[in-house]
Amino acid sequence: MDFMLSEEETQFKEQCQHFASEILTPISNKYGETDDLPTEMIRAMAEAEFFKLLLPEELGGKGIKALKICLAREVLAGVYCPADVTLAMQGLGSYPIFLAGNETQKAKYLPRIGEGELLTTYALTEPEAGSDVNGIKSHAEEAPGGFLLNGRKRFISNGHAAGIVIVFAKTPLEENARALSAFVLEKGMEGFKVSKRLPVMAPHDLVELEFTNCHIPKENLLGELGDGYRIAMKTLDLFRMSVGAAAVGIGQAALSAAKAYAKERVQFGSPIATYQAVQFKLAAMATELDAARGLVYTAAIKLDRGDSQLAKSASMAKLFATEAAFRAVDEALQIHGGMGVMVGSTVERLYREIRALRIYEGTSEIQRLIIANSILKE
Ligand SMILES: Cc1cc2nc3c(=O)[nH]c(=O)nc-3n(C[C@H](O)[C@H](O)[C@H](O)COP(=O)(O)OP(=O)(O)OC[C@H]3O[C@@H](n4cnc5c(N)ncnc54)[C@H](O)[C@@H]3O)c2cc1C
């Protein structure tokens, strides 16, 4: 897929690969699978300016280019998932401020996010509102000086480490009883707590949040009252395709592990790579991952060119890449035979890591609905 990248983008991907092998791999070896984000990892990512990919140029960033975000996620996810998730969450928790924040809000939060001094996250999901965003129960009522927020959020990534959270809550309006608004919540605000850390099959800083009569100053409302749904969806348009990029990175890591094992493992007197059944698995994995990469890069290039009809491409990229990468990881494990299910083997870890990508930022079923709705309207 390199023909889809400019010389500068190719160089950027190589720089990411250099960071991954020289700096991130030792960090991954040192900290391993953990729910607690290693500070050393955040510092290293900040020094390598990964978080600047999420900022506009006028705030010292690199201009929020979807393709570069995707290239970075592809490389990071193949090496250390906490790094990939952190880049994604810094984006999901800063893009709403970029999209809808006023100058004061942008100046207050974005430069610190770009430096990795402030971690952020995005809180849409609730116990009764997963795929169905309209089911959101959290609600913010106008109160003197701002709003009173009550409700809960579930499955919030990096929620333990984050210093701020973008929270979407119902703020019924006369013209729209289901209107949502977006707020910046800061850790330490009275009535806001991380109520639970959630253990996941592949470690992940995942939490539940609780808001009890939490007073949000009016300065912390993002955009207009009732603008939350648009802000939430526009943010997903960008980051959904990048989940596809992360999936490609994980799938590629599985393919590399399977190829190496197939060349080395001897059965019936020959390396298993000489058997056509194994070769066909490798061929299918490589083909599907290349197709996935093509869909991801296409969606990202469209966004960077300002194409406003993005939902279909972003969903296709996410759907195909996460499903293809899942198949690739499963086949890589099969090629490893019994060694594949041994705790501590690379493919065993990838098998657990890839699974959630078909669920978060919209399940595969929801992506199919978005694609179908879009083609039926064409
Ligand atoms: C590891 C992880 C990290 C996450 N991080 C975040 C985060 O940082 N912030 C955040 O806000 N959320 C986050 N999420 C939440 C995630 O986006 C939701 O889990 C996801 O949207 C699905 O919601 P649900 O789990 O409630 O499943 P449900 O919506 O209850 O879905 C259950 C099943 O029903 C299917 N289904 C539902 N509706 C339909 C329909 N209309 N047609 C066909 N099938 C349907 C789904 O596809 C799924 O298979 C995270 C989730 C995970 C697992």
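Student: Which domains does the shell around the ligand draw at least three residues from?

Tutor: Good place to begin! This is a predicted model, and here the shell around the ligand takes residues from more than one domain. At least three come from each of domain 2 (120-225) and domain 3 (230-377).

Student: Which element gives the largest share of the shell around the ligand?

Tutor: Let's start with the elements that give two or more residues: strand E1 (120-123), strand E3 (146-157) and helix H11 (364-377). The largest share is three residues, and the strand that supplies them is E3.

Student: How many residues of the shell around the ligand are nonpolar?

Tutor: Sort the shell by class. Six of its residues are polar and two are charged. The nonpolar residues number 11.

Student: Which residue has a side-chain N or O atom 2.7 Å from an oxygen atom of the ligand?

Tutor: Nice question, and a cut-off helps: a polar contact is a pair of N or O atoms within 3.5 Å. Phe-155 places a polar backbone atom 3.0 Å from a nitrogen atom of the ligand, while Ser-157 has a polar side-chain atom 2.8 Å from a ligand nitrogen. For the ligand oxygen at 2.7 Å, the side chain belongs to Thr-363.

Student: What percentage of the ligand's exposed area does the protein bury?

Tutor: Picture the ligand by itself, where it exposes 980 Å². Put back in place, part of that area is covered by the protein, and the buried part is 65%.

Student: Which pocket does the ligand take up?

Tutor: Think of the residues around the ligand, among them Thr-125, Ser-131 and Glu-365, which are listed with those that come nearest. The space that the ligand takes is the largest pocket.

Methods:
Residues are numbered from 1 along each chain as its sequence is written. This is a predicted model: local features need pLDDT of at least 70, side-chain atom pairs count only at pLDDT 80 or more; totals for chains, interfaces and linings use all residues. Side-chain values use heavy atoms; hydrogens and water are left out. A residue is near a molecule or strand if one of its heavy atoms lies within 4 Å of it. A polar contact is a pair of N or O atoms within 3.5 Å; within protein, one must be able to donate a hydrogen and the other to accept it, and residues adjacent in sequence count only if both atoms are side-chain atoms. Accessible areas come from the Shrake-Rupley method with a 1.4 Å probe; for residues, only the protein chains shown count as cover. On a 1 Å grid over the protein atoms alone, a cavity is a set of points where a 1.4 Å probe fits but cannot get out, and a pocket is an open set with protein on both sides within 12 Å along at least five of seven lines; lining residues have an atom within 4 Å of a point. A molecule sits in a cavity or pocket if more than half of its atoms lie within 2 Å of its grid points. Helices (H or I, at least four residues) and strands (E, at least two) are DSSP runs, numbered from the N terminus. Ala, Val, Leu, Ile, Met, Phe, Trp, Tyr, Cys and Pro count as nonpolar, Asp, Glu, Lys and Arg as charged, and the others, Gly among them, as polar. Domain bounds come from an automatic or database domain assignment.
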